[in-house]
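Let's take a walk through a small structure together. Have a look at the sequence and the 3D view first, then read on.

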Amino acid sequence: MPCLPEHMRWAYRLLLDREVESEDVLKQSSRFADAEALRGWLMSSDEFILKNSKLVVELYDRVNTLKKS
């Protein structure tokens, strides 16, 4: 199911800790096939990485550990 504007709004709140900057951004929500695609897009954004650098490093280390086992 394609994402809806409300999915985009809540993803911004939960992952970026802020509101969407414009209605135009909300209109782009349908370009994401599902929540996983939207989440991946936001979590790979510069803003997410800068705001969550410690988490990003921890997740990177964990993924590498899982790959080795």
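How many helices and how many strands are there in the chain? The chain has five helices and zero strands. Keep in mind that this is a predicted model. Reading from the N terminus, the order of elements is simply α-α-α-α-α.

So how spread out is the chain? Its radius of gyration is 14 Å, whereas the globule rule gives 11 Å for 69 residues, so the chain is more spread out than a compact globule. If you drew a box around the C-alpha atoms along the principal axes, that box would be roughly 40 × 25 × 15 Å.

**Inside and outside**

Of the 69 residues in the chain, 19% count as buried. The accessible surface adds up to about 5,200 Å², and carbon and sulfur atoms own 59% of that. As for charge, you'll find 11 positive and 12 negative side chains, with the centres of the two sets 5 Å apart.

Now for the inside. The largest nonpolar core is made of 12 residues, among them Cys3, Tyr12, Leu16, Phe32, Leu42 and Phe48. Helices α1 (5-16), α2 (23-27) and α3 each put in at least two residues. Which of them gives the most to this core? That's α1, with four residues.

Phenylalanine 48, one of the core residues, is worth a click in the viewer. Leaving aside residues up to four places away in sequence, phenylalanine 48 touches Leu15, Leu16, Leu42, Met43, Leu55 and Val56. Contacts across the sequence show up in the whole-chain numbers too: among contacts between residues at least 6 apart in sequence, 56% join residues at least 24 apart.

**A few residues up close**

Let's start with the loop between α1 and α2, where you'll find aspartate 17. Is aspartate 17 buried or exposed? Aspartate 17 counts as exposed because its relative accessibility is 67%, and the cut-off for exposed is over 50%. There's a backbone detail here as well: aspartate 17 has a positive phi of about 60°, although it is not a glycine.

One loop further along, between α2 and α3, sits serine 30. Serine 30 has a relative accessible area of 52%, so it is exposed too. Not counting residues up to four places away in sequence, serine 30 touches Pro2 and Cys3.

Next comes helix α3, which covers residues 35-43 and includes alanine 35. Alanine 35 is partly exposed because its relative accessible area is 46%, and partly exposed runs between 20% and 50%. Glutamate 36 is also in helix α3. With a relative accessible area of 55%, glutamate 36 lands over the 50% cut-off and is therefore exposed.

**Along the chain and through space**

How far apart two residues sit along the chain and how far apart they sit in space are separate things to look up. Here are some pairs to find in the viewer, with distances taken from C-alpha to C-alpha.

| Pair | Apart in sequence | Apart in space |
|---|---|---|
| Alanine 35 and cysteine 3 | 32 residues | 6.4 Å |
| Aspartate 17 and phenylalanine 48 | 31 residues | 9.2 Å |
| Serine 30 and tyrosine 12 | 18 residues | 15 Å |
| Glutamate 36 and glutamate 19 | 17 residues | 20 Å |

Try the alanine 35 and cysteine 3 pair: their C-alpha atoms are 6.4 Å apart, with their places 32 residues apart in the sequence. Then switch to glutamate 36 and glutamate 19, where 17 residues along the chain go with a separation of 20 Å.

Terms used
Residues numbered from 1 in each chain as written. Predicted model: local features only at pLDDT ≥ 70, side-chain atom pairs only at ≥ 80, totals over all residues. Heavy atoms only, no water. Buried < 20%, exposed > 50% of the residue type's maximum accessible area, 1.4 Å probe, protein only. Core = buried A, V, L, I, M, F, W, Y, C linked by side-chain atoms within 4.5 Å. Contact = heavy atoms within 4.5 Å. Rg over C-alpha atoms; globule rule 2.2 N^0.38 Å. Areas by Shrake-Rupley, 256 points an atom, 1.4 Å probe, with all protein chains shown as cover. Lys, Arg positive; Asp, Glu negative; His and termini not counted. Charge placed at Lys NZ, Arg CZ, Asp CG, Glu CD.
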